[in-house]
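Open the model in your viewer and keep a selection prompt ready. The stops below are given in the order in which to select them.

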Amino acid sequence: IEIILFIILLFYRKKGSLGYIFLYLFALFSGITMGYAIDHYVTILGGIVVVYAFLGTAIIFAVMAKLGWDPNKNLLSWGKWLLIAIVLLVVALIANIFIQSAMISLLAGLFGILIFSASIMYELNVMLKVDHYEEDIPNLVLGLYLDFVNLFLSILRVLGFISSTDD
């Protein structure tokens, strides 16, 4: 359902209130599916570690947002490189479903932390530098939401790897 809502959101994101409806539905179903991932990490890491990972994500988000919201920086050229990096990350994660390599999982987590941290800076810099219309808001919010969620999951992936090597 989440993938279907995401695809619909891509088509209707500039349709005013309809874009907002699909944004809310996507966030709802994304939160539900992320609950399973969080439950998995609570089981293997413990609840307090997941809370610390969330707090770490919030701190990284705030720092990257501050760095990206700088009128003297122009990060607009980062867009194509971030897209390539995200596509490579997705390919690696899909391949790792079949390979089941702990090292690929660790590298994907570390790479994800770098990519999504940079993406937060980029997206906020785009908000600052580029003129936007009201119908662009769902797309902008979705980008930051996905950056936050994927940064959080990347941090959990790294902590999960560290936990599995401690056993």
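Select Ser-101 and Met-103, at the start of helix 5: a side-chain oxygen of Ser-101 comes to within 3.3 Å of the backbone nitrogen of Met-103. The model is predicted, and the values in this tour are computed from it.

Step back to Gln-100, in the loop between helix 4 (78-99) and helix 5. Display its backbone torsions: phi is positive, at about 60 degrees, although Gln-100 is not a glycine. Most residues other than glycine have a negative phi. Is Gln-100 buried or exposed? Its relative accessible area is 62%, above the 50% cut-off, so Gln-100 is exposed.

Now select the whole of helix 5, residues 102-129. Its 28 residues reach 40 Å from the first C-alpha to the last, close to the 40 Å expected at 1.5 Å a residue.

Within helix 5, pick Glu-123. Despite the charged side chain you may look for on the surface, check the area first: Glu-123 has a relative accessible area of 18% and counts as buried, because the cut-off is under 20%. Which residues does Glu-123 contact, leaving aside neighbours within four places in sequence? They are Leu-140, Gly-143, Leu-144 and Asp-147. For a distance label, add Leu-75: the C-alpha atoms of Glu-123 and Leu-75 are separated by 8.8 Å, with their positions 48 residues apart along the chain.

Move along the chain to Glu-135, in the loop between helix 5 and helix 6. With a relative accessible area of 32%, Glu-135 is partly exposed. Draw a line from its C-alpha to that of Leu-18: the two residues are 117 apart in sequence and 9.8 Å apart in space.

Helix 6, residues 137-166, holds the next two stops. Select Phe-148 first. Not counting residues up to four places away in sequence, Phe-148 touches Phe-54, Thr-57, Ala-58 and Phe-61. Phe-116 is 32 residues from Phe-148 in sequence, and their C-alpha atoms are 7.5 Å apart.

Then select Ser-154, also in helix 6. Ser-154 counts as buried, at 1% relative accessibility. With residues up to four places away left out, Ser-154 touches Gly-109, Gly-112, Ile-113 and Phe-116.

Turn to the surface and select Leu-18, Ile-21, Leu-25, Leu-28, Ile-32 and Tyr-36. Together these residues make a nonpolar surface patch of about 560 Å². Leu-18 is the residue paired with Glu-135 in the earlier distance. Tyr-36 belongs to helix 2, residues 17-45. Its relative accessibility is 63%, over the 50% cut-off, so Tyr-36 counts as exposed.

Finish by showing the whole chain as a cartoon. How many helices and strands does the chain have? There are 6 helices and 0 strands, and the order from the N terminus is α-α-α-α-α-α. Colour by accessibility: buried residues make up 34% of the 167 residues. The chain exposes about 9900 Å², of which carbon and sulfur atoms supply 72%. A contact map is a useful last panel. Among the contacts with a separation of 6 or more, 80% join residues 24 or more positions apart.

Definitions and conventions:
Residues are numbered from 1 along each chain as its sequence is written. This is a predicted model: local features need pLDDT of at least 70, side-chain atom pairs count only at pLDDT 80 or more; totals for chains, interfaces and linings use all residues. Side-chain values use heavy atoms; hydrogens and water are left out. Helices (H or I, at least four residues) and strands (E, at least two) are DSSP runs, numbered from the N terminus. Buried means under 20% relative accessible area, exposed over 50%, partly exposed in between (1.4 Å probe, protein chains only). Contact means heavy atoms within 4.5 Å. Accessible areas come from the Shrake-Rupley method with a 1.4 Å probe; for residues, only the protein chains shown count as cover. Patches are made of residues with over 30% relative accessible area and no salt bridge: like charges are joined within 9 Å, nonpolar side chains (Val, Leu, Ile, Met, Phe, Trp, Tyr) within 5 Å. A salt bridge is a side-chain nitrogen of Lys or Arg within 4 Å of a carboxyl oxygen of Asp or Glu. The expected span of a helix is 1.5 Å times one less than its number of residues. A polar contact is a pair of N or O atoms within 3.5 Å; within protein, one must be able to donate a hydrogen and the other to accept it, and residues adjacent in sequence count only if both atoms are side-chain atoms.
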